[in-house]
Amino acid sequence: MTTLAGSPMLTGSTDGKGRNARFNLPLGIAVDCSGNVYVADTLNNTIRKITCSGEVTTFAGMAGSSGSADGKGRAARFSNPRGLAVDRAGNVYVADAGNCTIRKIAPNRVVTTLAGTAGVIGWADGEGGTAQFCSPCSVAVDSEGNVYVADTGTHTIRSIDPDGVVTTIAGTPFVFGSTDGLGDVALFNQPYGLAVDGWGDTYVADTSNNTIRKGIRIDSDLLPTTADAESD
């Protein structure tokens, strides 16, 4: 193990190379296809970038300034960003936990709100701003551009398709427990970490249950229909 960036026990928001850089409670991390590392620098309310040479820059947001604003680079604002994911095109997805939104940062550093409305806390499926989240803490993205969200406060796993439509794929909103099963039969207790593999299966760090859960992807055309159930 080596220290890529930052100095032990020293907090701050300084950009620079290697140990000259400073962070403040970094909680999320992701790597793109070129080896660049992105960091959710949570208490600085920023997203940082570390190049392969170890140079740290502030990719989006402004240290010491929280809020919710779309825009380019330092014009954007976040509130306690946590989980990160990067797709094949280099877009960075952010679980903006304090704003209860999912944000997207294009390679040109332009930040947009992919789903949810800042300051609106709850649970609702739907498109874009009509969807609601409660303290989303982790995101993952698959090869088809679907974004998965560990919506920690609602004890559910959500997905956002490439058109921006949010659906709940596992768990029952605001009901916690530890039950295996299909869709809303499954129960979680404050799921935090999330990953997706090449087959579209999801893996969940079910934090308050002290377990690791696996969600097997089932294509919708393989699920039984109402007509099938009636014929049985």
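Here a biologist asks a modeller how the labels put on this predicted model are earned.

Biologist: Before we start, what kind of model is this, and which atoms count?

Modeller: It's a predicted model, so to speak of local features we need pLDDT of at least 70, and side-chain atom pairs count only at pLDDT 80 or more, while totals for chains, interfaces and linings use all residues. Residues are numbered from 1 along each chain as its sequence is written, and side-chain values use heavy atoms, with hydrogens and water left out.

Biologist: Okay, why is the pair Asp-15 and Arg-48 called a salt bridge?

Modeller: The label needs a side-chain nitrogen of Lys or Arg within 4 Å of a carboxyl oxygen of Asp or Glu. The closest N and O atoms of Asp-15 and Arg-48 are 2.9 Å apart, so the pair passes. This pair links distant parts of the chain, 33 residues apart: Asp-15 is in the segment before strand E1 (16–17), and Arg-48 is in strand E4 (residues 46–50). Strands here are DSSP runs of at least two residues, numbered from the N terminus.

Biologist: How do you know whether Asp-15 and Arg-48 are buried or exposed?

Modeller: Buried means under 20% relative accessible area, exposed means over 50%, and partly exposed is in between (1.4 Å probe, protein chains only). Arg-48 has 1%, so Arg-48 is buried. Asp-15 has 29%, so Asp-15 is partly exposed.

Biologist: What else does Arg-48 form a salt bridge with?

Modeller: Asp-41, with the closest N and O atoms 2.7 Å apart. Asp-41 has a relative accessible area of 0%, so the label there is buried.

Biologist: What about Asp-180 and Arg-213: what makes that pair count?

Modeller: Their closest N and O atoms are 2.9 Å apart, so the 4 Å limit is met. Asp-180 is in the loop between strand E15 (165–170) and strand E16 (191–196), while Arg-213 is in strand E18 (residues 211–215). Asp-180 is at 65%, so it counts as exposed, whereas Arg-213 is at 9% and counts as buried. Salt bridges that share partners also join Asp-15, Asp-41, Arg-48 and Arg-74 into one network.

Biologist: How many salt bridges does a search of the whole structure find?

Modeller: Ten.

Biologist: Let's move inside. What makes a set of residues a nonpolar core?

Modeller: The members must be buried Ala, Val, Leu, Ile, Met, Phe, Trp, Tyr or Cys residues, joined through side-chain atoms within 4.5 Å. The largest such core has 14 residues, and Ile-47, Phe-78, Leu-84, Val-92, Val-94 and Ile-105 have the most contacts inside it. Strand E3 (37–41), strand E5 (55–60), E7 and E8 each supply at least two residues of this core. Another core, of 13 residues, lies apart from it, and Ile-102, Val-139, Val-147 and Val-149 are among its members.

Biologist: Which residues is Ile-47 in contact with?

Modeller: Contact means heavy atoms within 4.5 Å. Leaving aside neighbours within four places in sequence, the partners of Ile-47 include Val-39, Phe-59, Phe-78, Leu-84, Val-94 and Ile-105.

Biologist: Now the sheets. How do you know that E7 and E8 pair?

Modeller: Two strands pair if DSSP finds at least two bridges between them. E7 and strand E8 (residues 92–96) have four bridges, in the antiparallel sense, so they qualify. One of the bridges puts Val-86 opposite its partner in E8, Val-92.

Biologist: Why are E6 and E7 called edge strands?

Modeller: Five strands form an open sheet in the order E6-E10-E9-E8-E7, with antiparallel pairing. Strand E6 (71–72) and strand E7 (81–86) each pair on one side only, and that earns them the name.

Biologist: What makes strand E14 mostly covered?

Modeller: Five of the five residues in strand E14 (residues 156–160) are buried. Thr-156, Arg-158 and Ile-160 are on one side, and Ile-157 and Ser-159 are on the other.

Biologist: Which strands does E14 pair with?

Modeller: Strand E13 (residues 147–151) pairs with E14 over five antiparallel bridges, and four bridges join E14 to E15, also antiparallel. E13 and E14 form a hairpin with four residues between them, and His-155 in the turn has a positive phi of about 60 degrees. In the hairpin of E14 and E15, Gly-164 takes a positive phi near 85 degrees.
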